[in-house]
Amino acid sequence: MRVDVVSIFPDYLAPLDLSLIGKAREDGLLDVRVHDLRDFTHDRHRTVDDTPYGGGAGMVMKPQPWAEALDHVLALDNPSGAKPHLVVPGPGGQPFSQALARRLALEPWLAFACGRYEGIDERVYEHARDDLGLEVSVVSLGDYVLNGGEVAVLAMVEAIGRLVPGVIGNAESLVEESHEDGLLEYPIYTKPSSWNGRDVPAVLLSGNHGAIAAWRHEQRLARTAARRPDLLHASHATGPDGVPVDITAATRGDVPELAVLLRACAAEEAVATGSLDVPALHEGLDEVSSALETSQTWLARSAGRLVGAVRTRRSPDAGDRWEISRLCVTPDLDGSGLDRQLLDHAEDTAPDGIRTLTLEVGAHRTDALKAYRKAGYRPADTPASRPGTVVLAKRRR
Ligand SMILES: C[S@@+](CC[C@H](N)C(=O)[O-])C[C@H]1O[C@@H](n2cnc3c(N)ncnc32)[C@H](O)[C@@H]1O
């Protein structure tokens with residue numbers, strides 16, 4: 001993988017010569033090139049910044065040195081005219097995550113533009129995208145403000161670089177780490193088995209691999225629940241670009257967007273069955289809104305975008321039955337596990353006293369029927385509310 005970094009402090013990137021990333025560079029697995037932005041200035045003071053239009057504190061990085069620096073990077077040892085994915089660190093970008101690191105690790109070429117001061121003139125992003133044809137991603141290390149992009153680039157190059165095949169000797173060690181599947185890692189121990197009066201958990205000395213795996217899984221769940229409960233909801237699915245999905249209760253403000261999502265899912269079903277007798281197809285704003293009063297609607301959002309929904313309520317005619325309906329996921333997240341995550345959420349939110357969970361599903365929807373079967377649902381005696389559907393039920397544990 002080729003990596004170009006442009007900065008006004010090239011020395012800041014010196015740690016990329018050390019440790020596993022340094023070794024990967026020596027071995028030719030990573031080709032890292034650091035460029036000084038000031039080499040692309042033309043005045044005596046090598047000026048890269050100026051005052052902001054519109055007033056305000058601080059300075060803004062000028063577009064011209066950046067445009068020349070990008071031209072230089074693109075022209076350097078690039079006879080085929082390949083284009084890097086340009087990553088611009090910024091506190092206003094999409095959050096950097098293990099999933100994003102995995103995606104970026106598949107790119108053959110990444111270029112990083114380290115901002116300083118108040119950041120880079122907005123036209124540089126437009127130029128890179130529109131005139132140079134680069135994919136541009138603004139990526140944030142976290143919800144805090146650093147002085148410059150260099151620290152963020154060090155972190156990103158390390159996280160991405162270690163995923164490039166060959167950089168970490170034992171690829172197995174990458175699989176079980178925190179954030180790989182949304183959970184944190186289990187506690188780890190080494191010799192001696194007893195230290196300062198503290199013993200390693202006995203199960204780890206038992207040699208029983210099944211018991212060890214079960215213990216580790218429990219520890220991962222417990223640790224994630226204690227330290228990062230926000231990850232538990234998102235542990236089964238991620239949205240586009242690997243952004244985790246959040247599930248929250250719908251409010252009135254969500255109704256217009258929700259109505260559109262439900263219509264889209266219903267339209268898909270209507271096309272599949274050749275029938276317009278799909279209740280969700282006929283739900284307008286008023287019906288979606290009043291359903292918020294009589295049931296609970298849960299929404300899945302990825303980076304703010306509505307990507308799924310599910311509705312739940314206690315059955316009005318059988319108080320120990322929990323009805324799950326309108327389970328709907330946007331087509332781009334089909335197969336991402338989000339539908340199962342929404343189903344689990346709908347089940348988890350059933351109150352005490354609920355003994356049966358039910359769903360009504362189109363009899364033709366073989367994939368959905370298979371998925372619900374896998375989730376423990378079986379055809380129920382309860383009559384379906386309309387022709388062409390079946391009611392599925394599951395006993396609550
Ligand atoms: C002082 S910051 C500019 C902050 C900017 N005015 C704002 O409020 O969004 C200067 C530079 O530090 C880098 N930076 C700061 N915080 C960052 C973060 N959380 N993640 C990634 N880069 C960051 C970016 O390169 C940014 O251009």
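# A walk through the model

Eight nonpolar, nine polar and two charged residues make up the shell around the ligand; Ala, Val, Leu, Ile, Met, Phe, Trp, Tyr, Cys and Pro count as nonpolar, Asp, Glu, Lys and Arg as charged, and the others, Gly among them, as polar. Before you click further, note that this is a predicted model, where local features need pLDDT of at least 70, side-chain atom pairs count only at pLDDT 80 or more, and totals for chains, interfaces and linings use all residues. Residue numbers start from 1 along each chain as its sequence is written.

**Stop one: the ligand.** Select the ligand and its surroundings: 19 residues, each with its C-beta atom, placed from the backbone, within 6 Å of the molecule. Pro89, Gly115, Leu146, Gly149 and Ala152 are the closest. Now colour strand 5 (residues 85-95), which supplies the largest share of this shell, four residues. Strands here are DSSP runs of E, at least two residues, and helices are runs of H or I, at least four, both numbered from the N terminus.

**Stop two: the domains.** Zoom out and colour 2-172 as domain 1, 181-233 as domain 2 and 240-395 as domain 3; the bounds come from an automatic or database domain assignment. Between the C-alpha centres of domain 1 and domain 3 you have 43 Å.

**Stop three: helices 2 and 4.** Pick residues 63-75 (helix 2) and 122-131 (helix 4): their axes come within 9 Å and cross at roughly 25°. Axes are lines fitted to C-alpha atoms, for helices over the stretch in contact, with angles from 0 to 180 degrees between N-to-C directions. Helix 2 and helix 4 are therefore roughly parallel, the word for angles under 35 degrees, while over 145 is roughly antiparallel, 65 to 115 roughly perpendicular and the rest oblique. Show Pro63, Trp66, Ala67 and Leu70 of helix 2 against Arg123, Val124, His127 and Ala128 of helix 4; contact means C-beta atoms, placed from the backbone, within 7 Å. By class, that contact has six nonpolar, one polar and one charged residues.

**Stop four: helices 9 and 10.** Next, select 255-273 (helix 9) and 285-294 (helix 10), packed at about 110° with axes 9 Å apart. That makes helix 9 and helix 10 roughly perpendicular. Val255, Pro256, Leu258, Ala259 and Leu262 from helix 9 touch Leu285, Val288 and Ser289 from helix 10. Seven nonpolar, one polar and no charged residues form this contact.

**Last stop: backbone oddities.** Most residues other than glycine have a negative phi, and most peptide bonds are trans. Go to Ser19, in helix 1 (residues 19-26): its phi is positive, near 55°. Then try Lys191 to Pro192, a cis peptide bond with omega near 5°. Pro192 sits in the loop between helix 6 (172-175) and strand 8 (194-195).

Definitions and conventions:
Contact = placed C-beta atoms within 7 Å.
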